[in-house]
Amino acid sequence: MKSVSFNAILSLIKYKVSIAVTFTAITGYLVYTGAFNFHLINLALSVFVLAGGSSALNECQESKYDSLMDRTKNRPIPSGQISSFSSLIISAVFILSGLTLLFSGFGEIPALLGLFNVIWYNLLYTNLKRITAFAVVPGSLVGAIPAMIGWTAAGGYIFESTIVFIAFFLFIWQIPHFWLLMLKYGKEYESAGFPTINQSVNSDNLKKIILAWIVATSFASVMVPLFLVNISLLFILIIIVLNILFVGVFIRLSFGKVTDFNLKRSFISINVYMVLFMILLIIYHIYPGN
């Protein structure tokens, strides 16, 4: 096995995505505990390693498709930086290490949730998206589970209404997030053999569909405070203002021309919105009643 550079490994594990996954797990943990502690570091490491292993396995599974798209052809495997065999080894080490850290540090429920996410992402979603353009709907569950991992790692009940609605928000948020990518990269996905929603829906209608999911995402975030304890008026007002601004940005996407709208800015906006909402949840639970 040839030597592999550190940067190639970072790219293989999709470290930016893995950091985002870790952030949602941290949010679930802090929403339950309302305090930072040493166990949070263990959780962050466990989830980051597990998410990185799952991402590396995904790159192994899709390397031949990645080589056909400009967006992904420079990833480590199609560009020759890492062999498929080395990638599988790295993936296995990361996944097993992440699961072991979760189990030893937090017990069977967080570890089982982590295992479920790997199976759902790498066995179901990765294969399903080569069959249907709507694979993103069940696939979005992958983004909701990390918050539940954090919550249960902190000692929370898995079906508590607070974490269920936070997970529901994350689930809904990912669907327009993915379809925005389709507006920009749909032709590349199609050339690589993936079915896309663009093939059955024109750009104008797709923008309206995305707007509908944006409104659903906004509604889901507004519902979350209803399941928090001692909710403050200021917190509710901040959430409402955030959502008005968020939906306003995407009104332009739905009713303007694609060429008149900066899709990159739109994609960034939906990610910033999610991060701000999660930060607000963290602040509220660390400083309740403010």
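By a nonpolar core I mean a set of buried Ala, Val, Leu, Ile, Met, Phe, Trp, Tyr and Cys residues joined through side-chain atoms within 4.5 Å. With that term in place, I turn to the structure, which is a predicted model.

The largest nonpolar core holds 72 residues, and those touching the most other members are Leu43, Ile166, Phe169 and Leu281. Helix 8 contributes the most to this core, with 14 residues. A second, separate core has eight residues, among them Ala8, Ala56, Cys60 and Ile90.

Let me take leucine 43 as an example. Leaving aside residues up to four places away in sequence, Leu43 is in contact with Ala25, Ile26, Tyr29, Leu102, Phe106, Ile149, Gly150 and Ala153.

Two of these contacts, Ala25 and Tyr29, are among the buried residues of helix 2, a list that also includes Ser18, Thr22 and Val31. Helix 2 covers residues 15-33; at 1.5 Å a residue, its 19 residues should span 27 Å, and the 26 Å between its end C-alpha atoms agrees with this. After helix 2 comes glycine 34, with a positive phi near 70°.

I close with the internal space. How many cavities of 30 Å³ or more does a search of the whole structure find? The search finds one, with a volume of about 100 Å³. Its lining comprises 13 residues, of which Lys129, Thr132, Ala133, Phe178 and Pro195 are the closest to the centre. By type, the lining residues are ten nonpolar, two polar and one charged. Helix 8, residues 161-191, gives the most to this lining, with three residues, as helix 8 also does to the largest core.

Terms used:
Residues are numbered from 1 along each chain as its sequence is written. This is a predicted model: local features need pLDDT of at least 70, side-chain atom pairs count only at pLDDT 80 or more; totals for chains, interfaces and linings use all residues. Side-chain values use heavy atoms; hydrogens and water are left out. On a 1 Å grid over the protein atoms alone, a cavity is a set of points where a 1.4 Å probe fits but cannot get out, and a pocket is an open set with protein on both sides within 12 Å along at least five of seven lines; lining residues have an atom within 4 Å of a point. Grid points are joined across faces, edges and corners, and a volume is the space filled by probe spheres set on the points. Helices (H or I, at least four residues) and strands (E, at least two) are DSSP runs, numbered from the N terminus. Ala, Val, Leu, Ile, Met, Phe, Trp, Tyr, Cys and Pro count as nonpolar, Asp, Glu, Lys and Arg as charged, and the others, Gly among them, as polar. The expected span of a helix is 1.5 Å times one less than its number of residues. Buried means under 20% relative accessible area, exposed over 50%, partly exposed in between (1.4 Å probe, protein chains only). Contact means heavy atoms within 4.5 Å.
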